[in-house]
Amino acid sequence: MTNRLVAYTGILGVSLFAIAAIVGPLLIDDYSEVSQFISESFASDTEYGGYLQYFGYVPSGILTAIFSFSAPRYLPNSRMIKAGFFGLAIFYGLGTLLVGLFPCDAGCPTNLMVSSTSQLIHNAVASLTYIFFPVCLLGIGLGLKKFESYGHLSQIAITTAIISGVFIFALFSNPDSGYRGILQRIIETSFIIFLVSSALRVGKSTA
């Protein structure tokens, strides 16, 4: 794949995620972006959940994984950078794919005793994604910091790692918070900002 095709793949991946995350709530009466998880917009009891899964989150996860596996070829040769992007491919890209394939139950309950198998898989994958997501971003940022011409992207990676880490901690501390929806959307926005920034940088690469 050429650097531009890799860049387009990454941007398309996050665009599909963003579109699904915006459109989903609009299809449900009384849905609250502040207090409800994104996953609740395509839960097993939702009328249009299947469309959001297979036209939004599943292809988004695949494209994000492809981008994250391919991007290091067009960035400085660094183990930290490569490990960080591979981590994003596995935990965020494939994680989004699995979350899309295994939707949560109605209301996305956090109580394991009342959860279906799909809900348990959904929760486990989402938790692993959020645990490793800021670590991967931080690794990429520190790896890029060693290369002067990548200072701006390094700052974006480190900043989004810190922001997402703080809000992930807040979300994990109280998953039933009345603000869990906005917390999750800040986390996801952090990733979108980083991935679009890195895709644009890959697109300009001469490697």
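A residue is called buried here when its relative accessible area is under 20%, exposed when it is over 50%, and partly exposed in between, using a 1.4 Å probe and protein chains only. By that scale Asp-30 counts as exposed, at 78% relative accessibility. Before going further, please note that this is a predicted model, in which local features need pLDDT of at least 70, side-chain atom pairs count only at pLDDT 80 or more, and totals for chains, interfaces and linings use all residues. Residues are numbered from 1 along each chain as its sequence is written, and side-chain values use heavy atoms, with hydrogens and water left out.

**Loops and backbone angles**

Asp-30 sits in the loop between H1 and H2. Helices in this report are DSSP runs (H or I, at least four residues), numbered from the N terminus. The phi angle of Asp-30 is near 65 degrees, a positive value in a residue other than glycine. Cys-108 also has a positive phi, near 45 degrees, and is not a glycine. Cys-108 belongs to the loop between H3 and helix H4 (117-144), and is buried, with a relative accessible area of 4%.

Ser-116 is found in that loop between H3 and H4 too, and is partly exposed at 29% relative accessibility. Its partner is Asp-105: the two side chains are joined by a polar contact of 2.6 Å. A polar contact is a pair of N or O atoms within 3.5 Å; within protein, one must be able to donate a hydrogen and the other to accept it, and residues adjacent in sequence count only if both atoms are side-chain atoms. Ser-116 and Asp-105 are 11 residues apart along the chain, with their C-alpha atoms separated by 7.0 Å.

**Two kinked helices**

Helix H2 covers residues 49-70 and helix H3 covers 79-101. The expected span of a helix is 1.5 Å times one less than its number of residues. For H2, with 22 residues, that gives 32 Å, and the end C-alpha atoms are 30 Å apart, which agrees. For H3, with 23 residues, the expected span is 33 Å and the end C-alpha atoms are 31 Å apart, again in agreement.

Both helices carry a kink. The bend at a residue is the angle between axes fitted to the seven residues ending there and the seven starting there. In H2 the kink is about 25 degrees and centred on Pro-59; in H3 it is about 30 degrees and centred on Gly-95. The N-terminal end of H3 is capped by Ser-78, with a side-chain oxygen 3.3 Å from the backbone nitrogen of Met-80. Further along H3 comes Gly-100, which is buried at 0% relative accessibility.

**Residues apart in sequence**

Here are two C-alpha pairs set side by side.

| Pair | Separation in sequence | C-alpha to C-alpha distance |
|---|---|---|
| Gly-100 and Leu-52 | 48 residues | 8.3 Å |
| Asn-77 and Leu-144 | 67 residues | 9.5 Å |

Asn-77 lies in the loop between H2 and H3 and is exposed, with a relative accessible area of 72%.

**One salt bridge**

How many salt bridges does the structure hold? There is one salt bridge in the structure. The term means a side-chain nitrogen of Lys or Arg within 4 Å of a carboxyl oxygen of Asp or Glu. Here the side chains of Glu-40 and Arg-180 meet, at 2.8 Å from N to O. Glu-40 lies in the loop between H1 and H2 and Arg-180 in helix H6, so the pair ties together parts that are 140 residues apart in sequence. Glu-40 is buried at 9% relative accessible area, and Arg-180 is buried at 10%.

Helix H6 (residues 180-203) also contains Gln-184, which is buried at 9% relative accessibility. The side chain of Gln-184 makes a polar contact of 3.3 Å with that of Tyr-130.

**A nonpolar patch on the surface**

Eleven side chains are not needed to get the idea: the nonpolar surface patch includes Ile-19, Leu-26, Tyr-51, Phe-55 and Leu-98, and its members have about 1,100 Å² of accessible area together. Accessible areas come from the Shrake-Rupley method with a 1.4 Å probe, and for residues only the protein chains shown count as cover. Patches are made of residues with over 30% relative accessible area and no salt bridge; like charges are joined within 9 Å, and nonpolar side chains (Val, Leu, Ile, Met, Phe, Trp, Tyr) within 5 Å. Helices H1 (3-26), H2 and H3 each supply at least two residues of the nonpolar patch, and the largest share, four residues, comes from H1. Tyr-51 has its place in helix H2 and is exposed, with a relative accessible area of 55%.
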